[in-house]
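Let's take a friendly walk through a protein fold, one piece at a time. Keep the 3D view open as you read.

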Amino acid sequence: MPQRLIVAITGASGVIYGIRLLETLARFPAIESHLILSAAARATIAQETSWAARDVEALATVVHSPASIGASIASGSFETLGMIVAPCSIKTLSAIANCYSSELIARAADVQLKEGRPVVLLVRETPLHAGHLRLMSQAAANGAVIMPPVPAFYGRPATIDDLVNSTVGRALARVGLKNDLFSEWTGMGPARAAE
């Protein structure tokens, strides 16, 4: 049986995170990727990238309609490594935090959480008001991993791709997929410590 990972792309800015995630998963032949693209994600893909939604879908092993509440990934008996929502809009965060499963992204996340599997939310909003923070706290209390795409600079990123790769690599590592997209911190050297 293949290992499976659910990937959801929502309409928040930063759809490149989800696209890069799918591109990276394509290098893992043993991983079966299950993609859900929200309607807003399709619009954001067109706005922010040179990708067409159909080409993003072609990166995935299986594509699910957001309206397909009866999809395989809507059941806990369908085993997966977990789910990554990249990027995660505040609307989607709210649905997940409140167990409001009116569409497949929130339903799949709720199922992963009830089964004790990792659900990594790349929440993409700034600045954050108290309502956003409450939703993140509530989702975390339910078991979600709140992982805003905050760049790490100790790896000395030189390009936007470096920043995107680092975040995607950390998200994949969080669901147990080792990869070389980010630099592991090995400690501060003596010369830098003195600076």
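Helices and strands here are DSSP runs, helices with at least four residues and strands with at least two, and they are numbered from the N terminus. With that naming in hand, P127 can be placed in the loop between β5 and α6. Please keep in mind that this is a predicted model.

**The sheet**

Let's begin with the strands. In what order do the six strands of the open sheet run? The order is β3-β2-β1-β4-β5-β6, and the pairing is parallel. At the edges sit β3 (62-64) and β6 (145-146), each of which pairs on one side only. You can look at one of these edges in more detail: β6 pairs with strand β5 (residues 119-123) in the parallel sense, over two bridges. If you want to find a bridge on screen, start at L121, whose bridge partner in β6 is I146.

A helix also packs on this sheet. Helix α1 (residues 15-25) touches β1 (3-9), β2 (31-37), β4 (83-88) and β5, and the direction of α1 makes about 160 degrees with that of β1.

**How the helices pack**

Now for helices that meet other helices. The table sets out three pairs.

| Helix pair | Angle | Distance between axes |
|---|---|---|
| α4 (residues 90-97) and α5 (residues 104-114) | about 45 degrees | 9 Å |
| α1 and α7 (residues 160-174) | about 65 degrees | 9 Å |
| α4 and α6 (residues 130-141) | about 45 degrees | 9 Å |

Take α1 and α7 to begin with. Why are they called roughly perpendicular? Their angle is about 65 degrees, and angles of 65 to 115 degrees count as roughly perpendicular, so α1 and α7 fall under that word. Their crossing is right-handed. On the α1 side, the contact is made by I16, Y17, R20, L21, T24 and L25, while α7 brings D161, V164, N165, T167, V168 and L172. Sorted by class, the contact of α1 with α7 has seven nonpolar, three polar and two charged residues.

R20 in this contact is worth a second look. Its side chain meets that of E23 in a salt bridge, with 2.9 Å from N to O. Where do these two residues lie relative to each other along the helix? R20 and E23 are three residues apart in helix α1, and therefore about one helical turn separates them. In total, the structure holds six salt bridges.

Next comes α4, which packs with α5 and also with α6. With α5, the angle is about 45 degrees, and the two helices are therefore oblique to each other. The crossing of α4 and α5 is right-handed. Here T92, A95 and I96 of α4 meet I105, A106, A109 and L113 of α5. By class, this contact has six nonpolar residues, one polar residue and no charged ones.

With α6, the angle is again about 45 degrees, so α4 and α6 are oblique to each other as well. Is this crossing left-handed or right-handed? The crossing of α4 and α6 is left-handed. From α4, the residues in contact are I90, L93, S94 and A97, and from α6 they are H132, L135, M136, Q138 and A139. This contact has six nonpolar, three polar and no charged residues.

**Details of the backbone**

Finally, zoom in on the chain itself. Which peptide bond leading into P87 is cis? It is the bond from A86 to P87, with omega near -5 degrees, and P87 lies in strand β4. Another cis peptide bond joins T126 and P127, where omega is about -10 degrees. P127 is the residue placed earlier in the loop between β5 and α6.

One more residue deserves a visit. C99 has a positive phi of about 55 degrees although it is not a glycine. You will find C99 in the loop between α4 and α5.

Notes
Residues numbered from 1 in each chain as written. Predicted model: local features only at pLDDT ≥ 70, side-chain atom pairs only at ≥ 80, totals over all residues. Heavy atoms only, no water. Axes fitted to C-alpha atoms, helices over the stretch in contact; angles between N-to-C directions. Parallel < 35°, antiparallel > 145°, perpendicular 65-115°, else oblique. Left-handed = near helix turned anticlockwise from the far one by under 90°. Contact = heavy atoms within 4.5 Å. Nonpolar A, V, L, I, M, F, W, Y, C, P; charged D, E, K, R; others polar. Pairing = 2+ DSSP bridges. Salt bridge = Lys/Arg side-chain N within 4 Å of Asp/Glu carboxyl O.
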